[in-house]
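What follows is a walk through one predicted model. The text moves from salt bridges to a single helix, then to the chain as a whole and its aromatic rings.

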Amino acid sequence: MEKRTDNTPAMQDETLLIRRILDGQPELYRQLVSRYAEQVLRMVARLIPQPEEAEEATQDVLLDAFRSLSRFDARRASFQTWLMAIAYHTSLKYYRKHRKSVPVVEVEQNWLENITDDETDALLDDTSGNRLALMERAIGLLKPDDQMLLSLYYFDNRPIREIATITEHDEGYLRSRLQWIRKKMAIIIKNLESNEKE
């Protein structure tokens, strides 16, 4: 996990609040998580778009965090990062349990090897016409782990180091995985475009 050296007033305030919660004031937990509940819901909703299910999964995240609050270590990660890690794993678990029939596109390895980085960049950087709609569809056809990784990196603008903490993956693995996912999306978009032309 990422080492934390941040000693900002907000971090100190959170650490004090957590200490008070653990020392017998559990009612303060609501004050602590209210700062991040919307972020958790947004993350969960990326994999679980039905509002009621996303709310239920978000409540599961917040309850899991409360139950395991004594294991939080501010030296290893911020509370926000720690909470997002719980949200990440809970979302994936919920998705796999309830969304088994969602189609996922598999891309052959040789296709990935034959598409260049320049071609990938050109396809994904072009937001003209209906390309954005195709990108949305392409993201929905990725494996849930890949969808979450894209969300964390591109939509939330989280640094690789923080994503490594959240996902419990090595930074090098995540960099190569993101490059692979971009190529896979480019191939899916090309296929969707060619299907629309037929």
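R158 counts as buried, since its relative accessibility is 9% and the cut-off for that class is under 20%. Its salt-bridge partner is D156, with the closest N and O atoms 3.7 Å apart. That distance falls inside the limit used here, which is within 4 Å. D156 has a relative accessible area of 26% and is therefore partly exposed. The bridge thus joins a buried arginine to a partly exposed aspartate. These two residues also belong to a network of salt bridges that links R46, D156, R158 and E162.

By the same rule, the count for the structure comes to 15 salt bridges. One of them is formed by the side chains of K190 and E119, at 2.8 Å from N to O. This pair links distant parts of the chain: K190 sits in helix α11 (residues 171–197), E119 sits in helix α7 (residues 117–125), and the two are 71 residues apart. Are the two partners buried, exposed or partly exposed? K190 counts as partly exposed at 36% relative accessibility, and E119 is partly exposed as well, with a relative accessible area of 29%.

A further salt bridge connects R182 and D121, whose closest N and O atoms are 2.5 Å apart. Because R182 lies in helix α11 and D121 in helix α7, this pair ties together parts that are 61 residues apart in sequence. Here the accessibility classes of the partners are not alike. R182, at 19% relative accessibility, counts as buried, whereas D121 is partly exposed with a relative accessible area of 31%. The value for R182 is 19%, and the class of buried residues covers values under 20%. Helices α11 and α7 are therefore joined by the R182–D121 bridge, and the K190–E119 bridge also runs between α11 and α7.

Next comes helix α4. This helix covers residues 51–67, has 17 residues and reaches 24 Å from its first C-alpha to its last, close to the 24 Å expected at 1.5 Å a residue. Which residues of α4 are buried? They are A54, A57, T58, V61, L62 and A65. Seen down the axis of α4, these residues fall within an arc of 140°, so they line one face of the helix. The spacing has a general background: an α-helix has 3.6 residues a turn, so residues three or four places apart point the same way. The buried residues of α4 pack against α2 (29–33), α3 (37–47) and α5 (79–98). On the face turned away from the buried side, α4 carries the exposed residues E52 and R67.

The wider picture is as follows. The chain has eleven helices and zero strands, so its elements are α throughout from the N terminus on. Of its 198 residues, 43% count as buried. Among contacts between residues at least 6 apart in sequence, 71% join residues at least 24 apart. The accessible surface of the chain comes to about 11,300 Å², and 48% of this belongs to carbon and sulfur atoms.

The aromatic rings remain. The structure holds six aromatic pairs. One aromatic cluster is formed by Y36, F72, F79 and W82.

Note on methods:
Residues numbered from 1 in each chain as written. Predicted model: local features only at pLDDT ≥ 70, side-chain atom pairs only at ≥ 80, totals over all residues. Heavy atoms only, no water. Helix = DSSP H or I, 4+ residues; strand = E, 2+ residues; numbered from the N terminus. Buried < 20%, exposed > 50% of the residue type's maximum accessible area, 1.4 Å probe, protein only. Contact = heavy atoms within 4.5 Å. Areas by Shrake-Rupley, 256 points an atom, 1.4 Å probe, with all protein chains shown as cover. Expected span 1.5 Å × (residues − 1). Arc of directions from axis to C-beta. Phe/Tyr/Trp six-rings, centres within 6.5 Å; stacked < 30°, edge-to-face > 60°.
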